[in-house]
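Q: I am new to this structure and would like a close look at a single part. Could you pick one and walk me through how its pieces sit against each other?

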Amino acid sequence: MNAPQHRQWDSLRQSRARRLERAASLGFGKEIPVDRIIDLLEAVIQPGDRVCLEGNNQKQADFLSESLADCDPARLHDLSLVQSVLALPSHVDLFERGLASRLDFSFSGPQGARLAKLVQQQRIEIGAIHTYLELFGRYFLDLTPNIALIAAQAADADGNLYLGPNTEDTPAIIEATAFKGGIVIAQVNERLDKLPRVDVPADWVDFTVLAPRPNYIEPLFTRDPAQITEVQVLMAMMAIKGIYAEYGVTRLNHGIGFDTAAIELLLPTYAADLGLKGKICTHWALNPHPTLIPAIESGFVQSVHSFGSEVGMEAYVAARSDVFFTGADGSMRSNRAFSQTAGLYACDMFIGSTLQMDLAGNSSTATLGRITGFGGAPNMGSDPHGRRHASPAWLKAGREAAGPNAIRGRKLVVQMVETFREHMAPVFVEELDAWKLQKTMGAELPPIMIYGDDVSHIVTEEGIANLLLCRTPEEREQAIRGVAGFTPVGMARDKHAVENLRDRGIIRRAEDLGIDPRQASRDLLAARSVKDLVRWSGGLYAPPSRFRNW
Amino acid sequence: MEILEFRFDSTPGARPNHPALCGVVGSGNLEILVQSGELPDCCQVHIKTSARGFGTTWQAVLGDFAASHAAGGTTIAINDMGATPAVVSLRLAQALAEYQGGAQ
């Protein structure tokens, strides 16, 4: 037998100790002076490190990101970014300036066009586009960060952190980094002698820096009711009557967008008139959408757990602690990892929108020239085979799909789209742009957001297609064409087959659901402006200035 | 500006004396006036639109409307500012329901 090879078993810990020694030799304690942050970053980060720059679609460690982008690429290069979003200009600067070379992420939103360009120029290597929970999972397996640059509301002298309402991804990132030999650096908005509550204990945090301005937060989930159209009201009426009511959906997640905002604003009016209060939409995995305020105030909503907070909703959330999760200090506690888990396993329905859908029901928000990623949609818009507990909605969907003896239920995964986007771009297409993007990205798979076999229903202005009831791929294709309106895909329908699907209740039009088109009016919305939302909240909701026009 | 004229067969419907007006001329929207026409089994449509080159789509949207509604005996005038087919279909259904009356 060979003697066991000599191996060093604590190389991560030793590497961490050397990094901390380098920082100490430059005179750094735990609190870093703001004008020396670049010195610190260059001291503790090494070429080839995996770096997580905290940011998601809401709060951003923007000061640390800009500081990292200002580091010397001769010293820091070949960094591999493992992070939820690539949303800030400085995130992209890291690649353009030669500091970072590889990216594993979930969402790129506003930087989607710049990202696509970098990919075409082969200046960035994309590992994969993930859903959030999947990326968090990989933090604990093969993508553990060496360096976490995170954003907190406040730190005390010991380095304990208070995260405020926007906890978001911070716990998942710090857990993975701090317990696997990594270094955690936090930018904070303020230093306090006593924190309102301790969200991260000091010994998980190596350095804190008081940022020159509060971290950026995007009010991503605020939708102005004034922009909701009557077509969206019509679609919302169909969704409520044809899906929410029929399945008795109580536990759900809504995507971002005006389509689902319209549903939220019809709960106190249309849904209440249908006698659905207490029967639908009681428990939510949802950010505190301002458009949910009227439903909460009307008593529709029992509980909301949030991925993050929303700018302007702080005082309202704090005053509604029976509904929202709040800390001992009274302010909201959000947590993306746990809310995504709720979205996966505890929700009976996900309803969201997309930019493109093909004839198998596959959908993608990645279109030519824009790589936007998916965020949480692939997770919440999937039917989890690990689920074991039953609920009426889940059972009904499962039995529709597999017959009365089905041994499991199905999550309702609903895609809600108008058949044309702006500039008459059809949503329904023969082939997703994702396939061409796969080639330009050199990726193993096309960037599909929600797989067609997970989709249960499609809602368009033309009606609802129930894909659970389709028995063949051909039926499925005609069901999709049958609600694709006047897009080329919709015009190419087999009219006879579509009428047959309608007779069988697989396709249902507004008139089949007993909906009078004259009722599809903005008058049906519980709030028709941001000011109405403020009024509903009793003055507690404080919308950001860009949403104020009074 | 483009002017389009169509005529579709359609099941005869109620023909009240009062015309109905629905919608507004605004970006992405349209105004529809429905009134009594000459032929009881025909729906005649006159369109003024700011978006040129969508004649085939108009024909499909209006043809589908005439086939699925009892719109015979009407003349429909449309002033359009780039409404999508979704908006056009909804407005047509609203305007006809308004014209023919009946309980909501």
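A: What follows is a walk along the helices of chain A and the loops beside them, with a short visit to chain B at the end. Please keep in mind that this is a predicted model.

Let us begin with helix α3 of chain A, which spans residues 62-69, and its partner α4 of chain A, residues 89-96. The two axes are 9 Å apart, and the angle between the helices is about 20°. Since an angle under 35 degrees counts as roughly parallel, α3(A) is therefore roughly parallel to α4(A). The crossing in which α3(A) passes α4(A) is left-handed. From α3(A), the residues that take part are A:Asp62, A:Ser65, A:Glu66, A:Leu68 and A:Ala69, and they meet A:Ser90, A:His91, A:Asp93 and A:Leu94 of α4(A). Sorted by class, this contact holds three nonpolar, three polar and three charged residues.

Now step back along the chain to the loop between β2 (50-53) and α3 of chain A, where A:Glu54 lies. Is A:Glu54 buried or exposed? A residue with 20 or more other C-beta atoms within 10 Å counts as buried; A:Glu54 has 28, so A:Glu54 is buried. Setting aside residues up to four places away in sequence, A:Glu54 touches A:Ala61, a run made of A:Ala148, A:Leu149, A:Ile150 and A:Ala151, and also A:Asp169, A:Thr170 and A:Ile173. There is a link back to the helix pair too: A:Ser65, one of the residues of α3(A) that meet α4(A), is 11 residues from A:Glu54 along the chain, and their C-alpha atoms are separated by 8.6 Å.

Another pair of helices in chain A makes a nice contrast to look at. Helix α16 covers residues 473-481 and helix α18 covers residues 495-503; their axes come within 9 Å and cross at roughly 90°. α16(A) and α18(A) are therefore roughly perpendicular to each other. On the α16(A) side, the contact is made by A:Glu475, A:Gln478, A:Ala479 and A:Arg481, and on the α18(A) side by A:Ala497, A:Val498 and A:Leu501. Four nonpolar, one polar and two charged residues make up this contact of α16(A) with α18(A).

Next, look at helices that have a buried face. In α14 of chain A (residues 392-402), A:Ala393, A:Trp394, A:Ala397 and A:Gly398 are buried. Around the axis they cover an arc of only 125°, so they sit on the same side of α14(A). Their cover includes α8 (230-247), β13 (349-352) and β16 (412-416) of chain A. After α14(A) comes A:Gly403, with a positive phi near 90°.

Helix α15 of chain A, residues 433-441, can be read in a similar way: A:Ala434, A:Leu437 and A:Met441 are buried. Looking down the axis of α15(A), the buried residues fall within an arc of 55°, so they line one face of the helix. Among the elements that cover them are α5 (112-120), β5 (125-129) and β15 (363-364) of chain A. Just after α15(A), A:Gly442 has a positive phi of about 65°.

Two loops deserve a look here as well. Most residues other than glycine have a negative phi. A:Gln122, in the loop between α5 and β5 of chain A, is not a glycine, yet its phi is positive, near 55°. A:Gln122 is exposed, with 9 other C-beta atoms within 10 Å. A:His423, in the loop between β16 and α15 of chain A, also is not a glycine and has a positive phi of about 55°. With 6 other C-beta atoms within 10 Å, A:His423 is exposed.

Finally, how does chain B come up against chain A? In all, 14 residues of chain B are in contact with 16 residues of chain A. The elements that give two or more residues to chain B's side are α1 (55-68) and α2 (85-100) of chain B. α2(B) gives the most, with nine residues. By class, that side has eight nonpolar, five polar and one charged residues.

Notes: Residues numbered from 1 in each chain as written. Chains lettered and ligands numbered in written order. Predicted model: local features only at pLDDT ≥ 70, side-chain atom pairs only at ≥ 80, totals over all residues. Buried ≥ 20, exposed ≤ 12 C-beta atoms within 10 Å, placed from the backbone. Helix = DSSP H or I, 4+ residues; strand = E, 2+ residues; numbered from the N terminus. Arc of directions from axis to C-beta. Contact = placed C-beta atoms within 7 Å. Axes fitted to C-alpha atoms, helices over the stretch in contact; angles between N-to-C directions. Parallel < 35°, antiparallel > 145°, perpendicular 65-115°, else oblique. Left-handed = near helix turned anticlockwise from the far one by under 90°. Nonpolar A, V, L, I, M, F, W, Y, C, P; charged D, E, K, R; others polar.
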